[in-house]
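Reader: Please pick one part of this structure and go through it closely. I would like to know what surrounds it and how far the model can be relied on.

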Amino acid sequence: MNESLLIRLNKHPAIFIVFFCICVNSSERIVKSSYQLNGIEKRSMVGVIQMMQDSAVILHLAGPDYHFSPLSGMTVFSSKTNSGGVFTRIGSFQDSCDKIKFVTNLGIEITVEGMNADTSSISEKWYTSYNDTRRSSFKMIQNRLISKFGDYRASEKKGHKHAGVDLKGSSGEMVFPISNGVVISTSNDRFSSYVVVCHRLKNGETLFSKYVHLKVIKVNAGDYIDHNSPIGRIFNQNDLKQSGYSHPHVHLEIRTSYDDKGAASSYSMTMEALKKYCIDPLLFFRDNLSSDE
Ligand SMILES: [Zn+2]
C-alpha cells in the first residue's frame, strides 16, 4: 500500500524537508476524505486528523454510514505501522496529489486526500446556543446559566470537575451551534446524547463545541452546519421524569482538543486536567459576544 508515494519521497528528499518543517508542531486539521466499500462505492467523509512530526492520529472520520474513531475499534494499516488509530504519514500534505490509504478492521478502505481541501468556512462570529432574541448578547448566556465550569460533580467519576456550563431552557427547547462548523460526532445515548461540532479558526487552529443531554438529534456526523442549523432539542418534562434531571438544560462545553474522545468531560479531577481540553465557556462568551444590555 502506498508504495508509489514512498518511492516518490525517496527520490525527492526536498519534499520531505518541507513536510518536516511545516509539521513540527502537532495540529489538528479538518480533512475531507472518501472511502470505498467492497471496492466499488465511493462516499465522502469529513473528520479531524491530528498531525504530528511523523505520524497522524485519526480523531474522527464520519460519513453517512460510518463513523470511525480509534475508540470504535478501528485498526489502521499503513506500510509502516499497523497500530490502531495511528498511522505513519508517508507524504507531504502540501501536495494536492497526496493520498493516504488505510483499511479499517471492517474491511473498508479509506482514502484521505488533499489535506488542504478543507471547505469548511472559518468561524469568526459566535452566538448563544438557543434561539434567543439576541443571539450575540453575553447577557443571554448569563440569564440562562445554572452551573459553572469547574463545579463539583458527583455523577460518573465522583468529584470530577464540571467540564462546561449548564444553560437552562424551556421544555424541549431547540439547541443551535455557537458558530458554523462541521459535526464530527453524535451519540444517541439515552440520557447523555450529544453532538460535537468542530470549528475552524482564522489562525488555523480548531475549536470544538459539545452539546450534551439532547433528544431528537437533527444532524449527522459529517454535516456542515451554521449557527441557524437546529442540532437537537433538550429534554421535555416527560424526558426529565425518566432521567432524574430537575431542569431542562443543555450542557455546553468548549474545547481546544477532542483527542481524548470526550473522556475529560467526566474524568477530570483537577482544574489543571480539565483545562488541558476544555476552556471556561463563560470566559469565551464574555470575550466573543457583545456586552450590550
Ligand atoms: Zn453540565
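Author: Over residues 71-98 the pLDDT stays under 50; pLDDT is the predictor's confidence in each residue, from 0 to 100. For that stretch the model has 77 contacts beyond four places in sequence, a contact being two residues whose C-beta atoms, placed from the backbone, lie within 7 Å. Residues 1-25 also stay under 50, with 27 contacts beyond four places in sequence. The chain averages a pLDDT of 73, and 58% of the residues score at least 70. This is a predicted model, in which local features need pLDDT of at least 70 and side-chain atom pairs count only at pLDDT 80 or more, while totals for chains, interfaces and linings use all residues. Residues are numbered from 1 along each chain as its sequence is written.

The chain has 7 helices and 20 strands, taken as DSSP runs numbered from the N terminus (helices H or I, at least four residues; strands E, at least two). Of its 293 residues, 39% are buried, meaning that 20 or more other C-beta atoms lie within 10 Å of a residue's own. Among contacts with a separation of 6 or more, 59% are between residues 24 or more positions apart.

The part to look at is strand β19, residues 249-255. Because 7 of its 7 residues are buried, β19 is largely enclosed by the rest of the structure. In a regular strand the side chains alternate between the two faces of the sheet. In β19, H249, H251, E253 and R255 point one way, while V250, L252 and I254 point the other way. Both sets are buried.

What does β19 pair with? Two strands pair if DSSP finds at least two bridges between them. Strand β15 (residues 206-212) runs antiparallel to β19 over 5 bridges, and here K210 stands opposite E253. Strand β11 (residues 165-168) is also antiparallel to β19, over 4 bridges; V165 has L252 as its bridge partner. Strand β20 (residues 278-279) adds an antiparallel pairing of 2 bridges, with I279 opposite I254.

β19 also contributes to the largest nonpolar core, which has 39 residues. Such a core is a set of buried Ala, Val, Leu, Ile, Met, Phe, Trp, Tyr and Cys residues joined through C-beta atoms within 7 Å. The residues with the most contacts inside this core are V175, V183, V195, V196, V197 and Y211. At least two core residues come from each of α3 (138-144), β11, β13, β14, β15 and β19, and β14 gives the most, with 5 residues. V175 links back to β19: leaving aside its neighbours within four places in sequence, its contacts include V250, Y211, L214, I231 and I234.

Two other contributors to the core, β13 and β14, form a hairpin with 6 residues between them. Strand β13 (residues 181-187) is mostly covered, with 6 of its 7 residues buried. Its 5 bridges to β14 (residues 194-200) are antiparallel, and S187 has Y194 as its bridge partner there. β13 also runs antiparallel to strand β17 (residues 224-225), joined by 2 bridges, where Y224 is the bridge partner of V182.

Technical notes:
Buried ≥ 20, exposed ≤ 12 C-beta atoms within 10 Å, placed from the backbone.
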